[in-house]
Each structure stands twice: as structure tokens, then as C-alpha cells.
Amino acid sequence: MTAEIISIGTELLLGHIVNTNTSFLSQKLAEIGVDVYHTSVVGDNPMRLTQAIKQAVHRSDVVITTGGLGPTVDDITIETIAALVGKRLILNKTVLKDLKDYFKMRKTAFPRNNVRQAMIPEDTKWIRNRAGTAPGLIADYRGKIIVCLPGPPREIEPMFVNDIMPLLIKRSAPNWIIKSRTIKIASGLESLVNNKVKDLLNLKPPTTVGIYAKLGQVELKIMSKAKTGKEAARAIALIEQKIRSRLKDHIFGCDHETLEGAVAGLLIAKKKTIAAAESCTGGLLSSRLTDVSGSSKYFIMGLIAYSNEVKKNILCVDSEILKKYGAVSAQVASQMAVGIKLLAGADIGVGITGIAGPTGGTRTKPVGLVYIALAIGSKLIARELKFRGSREEIKFQSSQVALDLIRLNV
């Protein structure tokens, strides 16, 4: 079975919204053995949408549209589909009741415009939206399936998993599936990781490995196509074992796991507490450490020590050290780490100081120069880093290296 995804909305064409739905749907379709050969984006224009759907139906078994199911005049999907399949729009009283209950539950007056969302093509199956207002649709057209889903990811994702995937599995009866696993390496250079797994990157189907460089992170994605899930999982496990044996503790997690989540797990398991003193990252490290549920078990405090006065008066950074080496130095980062550790009474203290830019750099201390220090027990570790990128990218990379430094030394 083949599928095609059509994303609807002029805002997507203009780049006002990032289209994450296509990525989500493509991944889920691959999991159940449905091939996606084409995807497209169409603006809020009935004629162009009709053309796109006709072309998609001609070359694919399933056409999935996202967006254009809202209550406003530029939401054209329902009317376009009804005209295409030759069905009248009829007010569906069950959908209308759902809509009214939705607004009643939120203690909001029911907007009359939303009645449009209860107009369903006759003899067409509709899908309840448990996270929003727009119902989904499933229509048969010339022996093919047209699925219409809302645009917001929080609405489309549960609808597709709970209602559409079981239908497609039943209709397609696939004799193979695709599974994948993503191995995550923090603060690693793509070229270095590439050298470690070069032979695996040359593997041919049905099991392959791809390398992807992201900001402050490298990912290795293993994909396997097999007749059963167990067979695919076995093939992936064999490759993953080889990757782990070569990269060892450079790997911090897999799939949806995060670096902050890995650090949190270690801190909780080892019953360690942590505090952070940040300058150039502006609290980003503390924010990421507390993004994990249960962070109160290990995170004691975070201090944004931007000025030298705060560094001296609160963190007890030596004035002579500041004068001799400057605020952006390994010596100051180290004293910040020790200072916050003592101030918070934590097991671990982290100090970060640097120049995030785009201004403030000099010949000897350019933009992107960052020092990260870790005070853990009686041990003091300091690192000099040189990053490139925007202010936000430098801040993120700094927090990424700091988290990885914590992970490797807890």
C-alpha cells in the first residue's frame, strides 16, 4: 500500500508554521509498512487542492490531508472533498453536540461559525476529535481512501494513532514492516562518529544506518524492513550492539530520550544534588535540568551570575582572579562552580561563563569562547570550548556540553 500526504494551509507555504505533521505521519506509516512516495503542501485554494488530491489519488492508494478543517472561511477542505466525491454536506447532529459540549466544558459561548465543522459529506465516516473541535473524515473515492485530518499536531497525532492506523493495517494487510532506532551522541563531531561506524553506514537494505548532525548532538538511525516486528527488532539489536561497543559512553540515550533526562536519571540513581551558576547561558542549564519531572529530588538552585559584583559578592569569586584572568576564564568558571556548590550545599556545582555574542568578543577572547567547570566532591574539572553560531546556538551548545560533562562525571 502506498500513501501520499497533502498539507493544507497558506501559512505553511509562507513559512509561518513549521510542518511537523508530515514527519510524524511518514514515520507512523512506515511502522505499518505503508510506503510514502510523495508529499506536498497546498495553499487555501479549492482549485489547487482539488488538483493535488486528484493527482495523489491517481498514484497512491491512500491520500491523507492535514489542515483546513477549521470554522473560518479559509478552511476549505470539507467543501472541496464533498465536491470531489459528489456528496452533499449534511448537518451531523452528533458532531454538533460534541462541538457544543466542547465549548460548554470550557465555559465558553458556542461560536456560530463552528457549525461549519458539523457539516459532514453524506455517507462519509467521521472521526471524533478528542483534543479539539474539527472532526476527521474518511472517504472512499474511486477505490482509494481519502483521510482528512485537522492541522494542530496535538489533535492529529492521537486521531491518527487511535483511529487511522488500525484501519490502514486492516485494509493493507502488509507483509512487511519498518522499524527504527535512533542512537544519540552528545557533543560529538559528526566526522569523529563517522570514522567509528563508517562500515555500518555503507550497509544495504533491508537494514541500514544513517548519520545525522544536529546542534550539539549526533544521531545514528538504524532502520530495518522485515516481515515481522520481531525480525526487524533483532536486526536492529545486532547493529545497535556494534555501535555501542564502538562509541561506549559517548552514547547518552535512544529515540525520544533526552540528555537532561539521562542526567536526571543518574543524579536520582546516585542520590546526588546539583546547583548551577550561569553567566552566558542565562539560566538555560538550570531550565533544562528542571524540565524533567521529579527534578526537585536533585536540583537545589540556579543562579544567573551575569555581573562581576554577583560573582564576587554571592559566589565568592576572588577579585584578584577576576582582575588577572577576566570574567571569561577557566579560573572564574571554577570558582563559580565551587561557590554555587557551597552556597547551595549541593554535591555538585556547575559554573558557566563565556561570550555568547554577537557582540563582546575580542581578538584574544572571541565570540563563542565558553568555559564550563564542574565541582564534584573534591574534584574540579574545567573545560575551554569554542562554539560557532548565533547567540541562541552558542547558549544551547554550552548547556549541552555542561550536561554531558555532568553525565560523564556523576
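Which residue forms a salt bridge with Glu-260, and how far apart are the closest N and O atoms? I started my notebook there, keeping in mind that this is a predicted model.

**Entry 1: Glu-260**

I looked up the partner and got Arg-288, with the closest N and O atoms 2.8 Å apart. The pair links distant parts of the chain: Glu-260 sits in helix H10, Arg-288 in helix H11 (residues 284-289), and 28 residues separate them. H10 itself covers residues 259-269.

Next I asked about burial. Glu-260 has 12% relative accessibility, so I put it down as buried, the cut-off being under 20%. Arg-288 is buried as well, so both ends of this salt bridge are buried.

Then I pulled the contacts of Glu-260, skipping residues up to four places away in sequence. The list reads Arg-288, Asp-291, Val-292 and Leu-403. Arg-288 therefore turns up in my notes twice, as a contact and as the salt-bridge partner.

**Entry 2: the other salt bridges**

How many salt bridges does the rule give? The count comes to 18. I wrote up two more of them.

Arg-130 pairs with Asp-163, closest N and O atoms 3.5 Å apart. This one also links distant parts of the chain: Arg-130 is in the loop between strand S6 (125-127) and strand S7 (136-141), while Asp-163 is in helix H6 (residues 153-172), 33 residues apart. Arg-130 is exposed at 62% relative accessible area, whereas Asp-163 is partly exposed at 24%.

Glu-240 and Arg-244 meet in a salt bridge too, at 2.9 Å from N to O. Here I stayed inside one element: both residues lie in helix H9 (residues 229-247), four residues apart, which is about one turn of the helix. Glu-240 is buried, with a relative accessible area of 12%. Arg-244 is partly exposed, at 34%.

I also followed shared partners. Salt bridges of that kind join Arg-181, Glu-240, Arg-244 and Asp-255 into one network. A general reminder to myself: side chains of opposite charge can pair when their charged atoms come close.

**Entry 3: the sheet**

I moved on to the strands. What is the strand order in the open sheet of six strands? I read it off as S2-S1-S3-S8-S7-S6, with mixed pairing. The edge strands are S2 (35-42) and S6, each of which pairs on one side only. From one strand to the next, the twist averages 20 degrees.

I zoomed in on S1 (residues 2-8) and S2: they run parallel, and seven bridges join them. For a spot to click on, Ala-3 stands opposite Val-36 in S2.

Which helix lies across S1, S3, S7 and S8? My lookup gave H4 (residues 77-85), with S3 at 62-66 and S8 at 144-149. H4 runs at about 20 degrees to S7.

**Entry 4: a nonpolar patch**

Last stop was the surface. Val-338, Leu-342 and Leu-380 make a nonpolar patch of about 280 Å². I checked Leu-342 on its own: this residue lies in helix H14 (residues 330-344). Is Leu-342 buried or exposed? At 64% relative accessibility, Leu-342 counts as exposed, because the cut-off is over 50%.

For contrast I set two of my residues side by side: Leu-342 is exposed at 64%, and Glu-260 is buried at 12%.

Technical notes: Residues are numbered from 1 along each chain as its sequence is written. This is a predicted model: local features need pLDDT of at least 70, side-chain atom pairs count only at pLDDT 80 or more; totals for chains, interfaces and linings use all residues. Side-chain values use heavy atoms; hydrogens and water are left out. Patches are made of residues with over 30% relative accessible area and no salt bridge: like charges are joined within 9 Å, nonpolar side chains (Val, Leu, Ile, Met, Phe, Trp, Tyr) within 5 Å. Accessible areas come from the Shrake-Rupley method with a 1.4 Å probe; for residues, only the protein chains shown count as cover. A salt bridge is a side-chain nitrogen of Lys or Arg within 4 Å of a carboxyl oxygen of Asp or Glu. Helices (H or I, at least four residues) and strands (E, at least two) are DSSP runs, numbered from the N terminus. Buried means under 20% relative accessible area, exposed over 50%, partly exposed in between (1.4 Å probe, protein chains only). Contact means heavy atoms within 4.5 Å. Two strands pair if DSSP finds at least two bridges between them. Axes are lines fitted to C-alpha atoms, for helices over the stretch in contact, and angles run from 0 to 180 degrees between N-to-C directions.
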